[in-house]
Structures are given as C-alpha cells and as structure tokens.
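Trainee: I keep meeting words such as "buried" and "core", and I would like to learn what stands behind them. Could we go through a structure together?

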Amino acid sequence: MWPTKVFNIFADITTYCNAGCPQCDRTNPNGLGKVDWLPLISWSLEDFKKAYRPSTLKLTDTIEICGTWGDPIMNKEIYAICKYIMSIKGIVYKSPRIRINTNGSIRDEKWWWDLGVLCGDRLSVIFAVDGKDQEQHEKYRKFTILDKILENMKTLSMTKAKPIAQTLVFKHNQNDLQEIKELCLNNGAKGHSYIWTDRNRLDYTNPDGTKDSIELAERKPEEVNSLNLNIDKKRVYDFSDDKQTSCISCKWLNARRILVNPDGQVLPCCYLGNSFYRNGYPYNMEEHNIFKKPLEDILKESDWFNKELPESWETNPIKQCEKFCSQKGEKHNVLQRLSER
C-alpha cells in the first residue's frame with residue numbers, strides 16, 4: 001500500500017533552533033526555551049549517509065528538510081548534506097530536489113550564495129517572514145532578525161535556487177498581509193503564501209518574566225467560502241450526514257510523502273510524528289528505524305504501515321488521522337472558522 005519508490009521524504013535532522021516561537025512544539029511557553037523532554041540532536045553527514053543511502057535517494061523525488069523540532073540551517077553539516085544529495089543521480093530526475101524550511105535568520109549572505117550555487121534550480125527554500133517590520137515580525141518569530149532574513153533571501157534569489165516566503169497569519173499581522181507580501185517579493189522571494197494557524201498555545205512568558213499572548217486571526221467570509229471541503233475528490237460529502245464524516249483519506253499517503261523523525265523513526269506524517277515522538281511509538285522501533293533498515297524496505301515490509309494503520313481508519317482511527325485527514329476533521333475546522341466570523 002505505501003509507495004516504495006519515487007516518494008517525497010520529510011527529513012528532520014536537528015532539534016537545535018535559534019528561535020523561540022510561542023506555538024512551536026519545541027518551545028516551552030514559560031521562558032521560550034526548549035522543552036525539557038526534547039533531546040538535543042544534530043545529524044552528521046555520516047549519519048545522513050547511513051540513513052539515506054544512495055539506493056534510497058535514487059528513488060526520491062523531493063527531500064524536504066524541515067524543522068518540526070529544530071531549524072535545519074542550525075545543523076553544522078547542512079551544506080555538506082546538500083552536496084551529498086546533489087551527487088546522487090535519480091531514476092526520474094538528475095538528482096532529488098531539495099526543499100528547506102527555515103526561519104532564515106541564520107548564516108551570512110556568502111553562505112546562502114554558496115548554497116544556491118551548489119544546488120541551483122534543484123533547491124527551494126521557504127523563509128519565514130511574519131511581519132512588515134521587526135516589531136511585528138518578532139511578535140511571534142522570537143529571537144530572529146527580519147533584516148537578516150530579507151538579506152539572505154535576496155542573496156539566494158541571485159542564484160538559480162528558488163526562495164519562497166511564508167507568513168503565519170495572526171491577529172497582529174492580518175491587516176498587513178499585502179504589505180508583507182510586497183516586502184518579500186521586493187527582497188527576492190519568487191513566491192509567497194499565507195498559513196492561518198489554529199494552535200491553542202496563546203499565552204506565554206518572555207525570558208525577562210513578562211507575560212504576553214498571541215491572538216488568532218479572524219477568518220474572513222470569502223476565505224472560509226473558498227476552502228476546498230472535499231478530502232477525496234471521488235466522493236461528494238454532505239455536512240448534514242454525520243455518517244460520512246469519519247471517512248479518512250490520508251493526505252501524506254496520497255502525496256507519496258513520508259516522515260523521518262530526528263531519532264530515525266519512520267512515520268506516515270508530521271501529525272503522528274509529533275505525538276509519537278513525545279509519547280512513544282506504536283510499533284517495533286527496531287523494524288522502523290532508518291538507521292537500521294533502508295526506508296524502502298521499511299515501507300514494503302511493515303505490517304503497521306500496510307495493514308494495522310489503514311485498517312484503523314475504518315474502525316478506530318487515531319485521533320490525528322481523524323482530525324487532519326477525515327471529513328469529520330474538515331467539518332469541525334470549517335464550522336469553527338464560521339463561528340469565529
């Protein structure tokens with residue numbers, strides 16, 4: 001059932017981060033440091049080579065190096081890791097495409113220039129720009145410098161690589177989205193996107209002991225109305241029929257996408273990855289660790305991926321599956337947004 005070739009890998013290679021974003025799973029809201037239970041991990045180049053063998057990367061379309069638990073650019077060997085990926089000749093593409101998500105407030109302009117020259121058009125980088133000025137930006141993106149992010153993004157744009165800006169929308173910046181977008185495009189971004197967040201971690205304490213909070217944005221009627229409500233394009237759902245709302249269509253499976261946590265454990269998505277990393281894995285860890293076994297073999301041989309998890313969707317789905325990949329979850333999210341209008 002799970003794809004074993006031409007897949008997209010979501011790789012988490014460090015738990016280090018220079019930022020202290022209040023809603024991040026990594027952040028302790030009391031002081032904005034790292035949560036106590038999270039170990040500090042940073043993969044070496046040799047770790048990466050062991051986990052992602054040439055045989056695996058040859059079957060890979062895109063490897064997305066994203067920081068669920070840390071910022072990839074904090075990894076001291078990220079340049080060498082990208083160089084290794086670029087050296088692999090794929091069965092479909094000349095090499096896997098690399099997509100990096102970062103707050104962008106790390107490294108200098110020369111480093112970003114060198115990375116862009118190394119990877120060329122095989123690389124895209126998503127930079128976090130959450131405000132029109134430093135004050136608005138750091139309301140959420142704590143300990144990062146907007147001017148530095150814009151300089152790094154602009155430098156990367158001078159190579160063949162593709163910088164993209166992304167803005168988390170909150171109440172404090174929702175009226176300035178067009179200005180933020182223009183700021184990004186004027187500083188090298190080749191594209192820009194918005195993400196509305198509905199995480200419930202709103203109150204926090206700054207390092208100096210002062211209290212603060214983040215307020216959620218208000219969804220506008222035209223934005224709610226433009227939402228795509230159908231998870232599965234082959235089905236037609238009616239919100240008045242609750243019997244239909246438990247149907248699950250896994251978004252990550254449909255996108256041939258797979259997650260590898262910082263400890264090497266392979267999981268179907270970041271929704272499960274976050275919870276299982278904190279609370280324990282539901283399968284034999286030795287049999288699902290990328291340091292122990294090639295990724296393609298894990299996906300081919302795992303009963304949990306190919307039998308237990310899919311069968312649970314029909315009977316007793318994991319709460320994250322129901323929340324993020326079912327019509328029931330979509331119904332809850334949409335009705336919540338409608339009630340906020």
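**From values to words**

Mentor: Gladly! Of the 341 residues of this protein, 52% count as buried. Keep in mind that this is a predicted model.

Trainee: What makes a residue such as C82 buried?

Mentor: Set the value against the cut-off. Buried means under 20% relative accessible area. C82 has a relative accessible area of 0%, so C82 is buried. C119 has 2% relative accessibility, so C119 counts as buried too.

Trainee: And why is R107 called partly exposed?

Mentor: Partly exposed lies between the buried limit of 20% and the exposed limit of 50%. R107 has 25% relative accessibility, so R107 counts as partly exposed. R107 is found in the loop between β3 and α4.

Trainee: How do you know that C82 and C119 do not form a disulfide?

Mentor: A disulfide needs two cysteine sulfur atoms within 2.5 Å. The closest cysteine sulfur to that of C82 is in C119, at 4.7 Å, which is too far for a bond. Starting from C119, the closest cysteine sulfur is that of C82, again 4.7 Å away and too far for a bond. The structure as a whole holds zero disulfides.

Trainee: What elements is the protein built from?

Mentor: There are 14 helices and ten strands. Eight strands form an open sheet in the order β6-β5-β4-β3-β2-β1-β9-β10, with mixed pairing.

Trainee: Why are β6 and β10 called edge strands?

Mentor: Look at their partners. β6 (192–196) and β10 (266–267) each have a single partner strand, so one side of each is left without a neighbour in the sheet.

Trainee: How do you know that β9 and β10 are paired?

Mentor: Pairing requires at least two bridges between strands. Strand β9 (residues 257–260) and β10 are joined by two bridges, so they qualify, and they run antiparallel. In one of these places, L259 has L267 of β10 as its bridge partner.

Trainee: What about β2?

Mentor: β2 pairs on two sides. With strand β1 (residues 7–11), β2 makes five bridges in the parallel sense; with strand β3 (residues 97–102), β2 makes four and also runs parallel. Follow I63 in β2: I9 has I63 as its bridge partner, and I63 also stands opposite I98 in β3.

Trainee: What makes you say that β2 is largely enclosed?

Mentor: Six of the six residues of strand β2 (residues 60–65) are buried, so the rest of the structure largely encloses the strand.

Trainee: Which helices pack around β3?

Mentor: Helix α3 (residues 78–86) touches β2 and β3, and its direction makes about 160° with that of β3. Helix α4 (residues 109–119) lies across β3 and β4 (123–128), running at about 145° to β4.

Trainee: Which residues have the most contacts inside the largest nonpolar core?

Mentor: They are Y52 and I98, in a core of 78 residues. Helix α3 gives the most to this core, with six residues. Leaving out residues up to four places away in sequence, I98 touches, among others, I63, I65, C82, I85, M86 and C119. In general, nonpolar side chains of soluble globular proteins tend to be buried together.

Trainee: Where else is there a core?

Mentor: A second, separate core has nine residues, including A19, C21, Y204 and I214.

Trainee: Why is helix α10 called largely enclosed?

Mentor: Count its residues. Seven of the ten residues of helix α10 (residues 270–279) are buried, so the helix is largely enclosed by the rest of the structure. Among the buried ones are C270, L272, F276 and Y277. The buried residues of α10 pack against α9 (251–254), β9, β10, α12 (303–315) and α13 (319–325). After α10 comes G280, with a positive phi near 110°.

Trainee: What makes L32 worth pointing out?

Mentor: Its phi. Most residues other than glycine have a negative phi. L32 has a positive phi of about 65° although it is not a glycine. L32 lies in the loop between β1 and α1 (45–51), and with 4% relative accessibility it counts as buried. R107 is also not a glycine, yet its phi is positive, about 75°.

Notes. Residues are numbered from 1 along each chain as its sequence is written. This is a predicted model: local features need pLDDT of at least 70, side-chain atom pairs count only at pLDDT 80 or more; totals for chains, interfaces and linings use all residues. Side-chain values use heavy atoms; hydrogens and water are left out. Buried means under 20% relative accessible area, exposed over 50%, partly exposed in between (1.4 Å probe, protein chains only). Contact means heavy atoms within 4.5 Å. Axes are lines fitted to C-alpha atoms, for helices over the stretch in contact, and angles run from 0 to 180 degrees between N-to-C directions. A nonpolar core is a set of buried Ala, Val, Leu, Ile, Met, Phe, Trp, Tyr and Cys residues joined through side-chain atoms within 4.5 Å.
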